[in-house]
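The following briefing goes through one protein model by topic, with the cut-offs stated where each term is introduced. Please keep the sequence and the coordinates open while reading.

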Amino acid sequence: MNTIRLWVPVLPDPDLSSNKRRTRAWQAQARDTATERERAYAMLREATLWEPWDIFPIPAALHWTIHWPKGTRARDADSLASMLKSWQDAMVDLGWLQNDSPKYVPTVSYTSVPSSPRGPGMELEIKSTNL
């Protein structure tokens, strides 16, 4: 089974959580989503500069582990899904995934944990799946 692991030293934008989406104007939400997608593109590209691989498994199972700063409240799975949607879209923009539909990404999971020794950030595990 092919597995790729990335460390990204930033956290997703908490303003894109499902709880905040309901309280903001759609124009502001669209602007923030586009900004987060651009940031995700740049950060994911930077995270892979020194990696020896260039082919991602398809279909792929994604597992995000979010390392929150000490004292920060961890988010629930639906908020994480909403905050990380722009990151998955950026993976499509980078050409890592053909699409982020269930045909290409049948499984996405999330874990929230206290900060790692590296500090706050995200760990992304991409595994090939036989679904």
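Trp-87 is buried, its relative accessible area being 0%, where buried stands for under 20% relative accessible area, exposed for over 50% and partly exposed for the range in between, with a 1.4 Å probe and protein chains only. The model is a predicted one, in which local features need pLDDT of at least 70 and side-chain atom pairs count only at pLDDT 80 or more, while totals for chains, interfaces and linings use all residues. Residues are numbered from 1 along each chain as its sequence is written, and side-chain values use heavy atoms, with hydrogens and water left out.

**The aromatic pair**

- The structure contains one aromatic pair, a term that applies to rings of Phe, Tyr and Trp (the six-membered ring of Trp) whose centres lie within 6.5 Å, with planes under 30 degrees apart called stacked, over 60 edge-to-face and the rest tilted.
- The ring centres of Trp-64 and Trp-87 are 6.4 Å apart and their planes stand at 75°, so this pair is edge-to-face.
- Because Trp-64 lies in strand E2 (residues 60-68) and Trp-87 in helix H3, the pair ties together parts that are 23 residues apart in sequence.
- Trp-64, like its partner, counts as buried, at 0% relative accessibility.

**Overall make-up**

- The chain has three helices and four strands, which are DSSP runs numbered from the N terminus (H or I of at least four residues for helices, E of at least two for strands).
- Along the sequence these elements follow the pattern β-α-α-β-α-β-β.
- Of the 131 residues in the chain, 44% are buried.
- About 7400 Å² of the chain is exposed, and carbon and sulfur atoms supply 53% of that area, as given by the Shrake-Rupley method with a 1.4 Å probe, where for residues only the protein chains shown count as cover.
- Among contacts (heavy atoms within 4.5 Å) with a separation of 6 or more, 85% join residues that are 24 or more positions apart.

**Strand pairing**

- Strand E2 is mostly covered, since eight of its nine residues are buried.
- E2 and E4 run antiparallel and are joined by eight bridges, strands being treated as paired if DSSP finds at least two bridges between them.
- Within this pairing, Ala-60 has Ser-128 in E4 as its bridge partner.
- E2 also pairs with E3, here in the parallel sense and over eight bridges, with Ile-66 standing opposite Ser-112 in E3.
- Thr-107 has its place in strand E3 and is partly exposed, with a relative accessible area of 33%.
- The C-alpha atom of Thr-107 is separated by 9.1 Å from that of Pro-59, although the two residues are 48 residues apart along the chain.

**Salt bridges**

- The count comes to seven salt bridges, under the rule that a side-chain nitrogen of Lys or Arg lies within 4 Å of a carboxyl oxygen of Asp or Glu.
- Arg-37, Lys-85, Asp-89, Asp-93 and Asp-100 are linked in a network of such bridges.
- Arg-37 and Asp-93 meet through their side chains at 2.7 Å, N to O; Arg-37 lies in helix H2 (residues 26-47) and Asp-93 in helix H3 (residues 77-93), so this bridge ties together parts that are 56 residues apart in sequence.
- Both ends of that bridge are partly exposed, Arg-37 with a relative accessible area of 31% and Asp-93 with one of 39%.
- Asp-89 and Lys-85 form a salt bridge at 2.6 Å, N to O, and both lie in helix H3, four residues apart, about one turn of the helix.
- Asp-89 is buried at a relative accessible area of 14%, whereas Lys-85, at 36%, counts as partly exposed.
- Lys-85 also meets Asp-100 in a salt bridge (2.5 Å, N to O), and because Asp-100 lies in the loop between H3 and strand E3 (107-114) while Lys-85 lies in helix H3, the pair ties together parts that are 15 residues apart in sequence.

**Around Glu-125**

- Glu-125 belongs to strand E4 (residues 121-128), and its side chain makes a polar contact of 3.0 Å with the side chain of Arg-5.
- A polar contact is a pair of N or O atoms within 3.5 Å; within protein, one must be able to donate a hydrogen and the other to accept it, and residues adjacent in sequence count only if both atoms are side-chain atoms.
- With neighbours within four places in sequence left aside, Glu-125 is in contact with Thr-3, Ile-4, Arg-5, Ala-61, Leu-62 and His-63.
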